[in-house]
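Please look through the model shown below. The paragraphs after it take up helix packing and then salt bridges.

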Amino acid sequence: MHDYDIRSKIGLRIKELRAERGVSQEEFASLIGMSRSYFGEVETGKRNVAAVNLEKITKGLGVSLAEFFDSEFFGER
């Protein structure tokens, strides 16, 4: 696994889970009540995500925070 910074790891994990659900950035951002531009910057690792927004994202993805961080991106597998 590459040595990405935490913002990139979070973004890659979000992208992975969103893609598994077959939904676009725009559709997903709308679904969770977040602007597409903010969400896109979080997903590409260009912006820090606030804890409240990460919770909103994980709920929209249907995973708990524990499940979200249980990934090779975070060295848990």
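In which hand of crossing does α2 pass α3? The crossing of α2 past α3 is right-handed. The model discussed here is a predicted one.

Two packed helices are described by the angle between their axes and the distance between the axes. For helix α2, residues 25-32, and helix α3, residues 36-43, the angle is about 115° and the axes lie 9 Å apart. Because angles from 65 to 115 degrees count as roughly perpendicular, α2 is roughly perpendicular to α3. On the α2 side the contact is made by Gln25, Glu26, Phe28 and Ala29, and on the α3 side by Arg36, Phe39, Gly40 and Glu43. Sorted by class, the contact of α2 with α3 has 3 nonpolar, 2 polar and 3 charged residues.

Helix α3 also packs against α1. Here the angle is about 115°, with the axes of α1 and α3 7 Å apart, and the two helices are therefore roughly perpendicular to each other. From α1, the residues in contact are Arg7, Gly11, Leu12, Ile14, Lys15 and Arg18; from α3, they are Phe39, Val42 and Glu43. This contact of α1 with α3 has 4 nonpolar, 1 polar and 4 charged residues. Phe39 and Glu43 of α3 appear in the contact with α2 and in the contact with α1.

The next topic is the salt bridges. How many salt bridges does a search of the whole structure find? The search finds 5, and three of them are described here, beginning with Arg18 and Glu43. The closest N and O atoms of Arg18 and Glu43 are 2.7 Å apart. This pair links distant parts of the chain, since Arg18 sits in helix α1, residues 6-20, and Glu43 in helix α3, with their positions 25 residues apart. Are Arg18 and Glu43 buried or exposed? Both residues are buried.

Another salt bridge joins the side chains of Glu20 and Arg21, at 3.6 Å from N to O. Glu20 is exposed, because its relative accessible area is 57% and the cut-off for exposed is over 50%. Arg21, with a relative accessible area of 38%, is partly exposed.

Glu41 and Arg47 form a further salt bridge through their side chains, with an N to O distance of 3.0 Å. Glu41 has a relative accessible area of 31%, so Glu41 is partly exposed. Arg47 is partly exposed as well, its relative accessible area being 37%.

Notes
Residues are numbered from 1 along each chain as its sequence is written. This is a predicted model: local features need pLDDT of at least 70, side-chain atom pairs count only at pLDDT 80 or more; totals for chains, interfaces and linings use all residues. Side-chain values use heavy atoms; hydrogens and water are left out. Axes are lines fitted to C-alpha atoms, for helices over the stretch in contact, and angles run from 0 to 180 degrees between N-to-C directions. Helices (H or I, at least four residues) and strands (E, at least two) are DSSP runs, numbered from the N terminus. Angles under 35 degrees count as roughly parallel, over 145 as roughly antiparallel, 65 to 115 as roughly perpendicular and the rest as oblique. A crossing is left-handed if the near helix is turned anticlockwise from the far one by less than a right angle, and right-handed if clockwise. Contact means heavy atoms within 4.5 Å. Ala, Val, Leu, Ile, Met, Phe, Trp, Tyr, Cys and Pro count as nonpolar, Asp, Glu, Lys and Arg as charged, and the others, Gly among them, as polar. A salt bridge is a side-chain nitrogen of Lys or Arg within 4 Å of a carboxyl oxygen of Asp or Glu. Buried means under 20% relative accessible area, exposed over 50%, partly exposed in between (1.4 Å probe, protein chains only).
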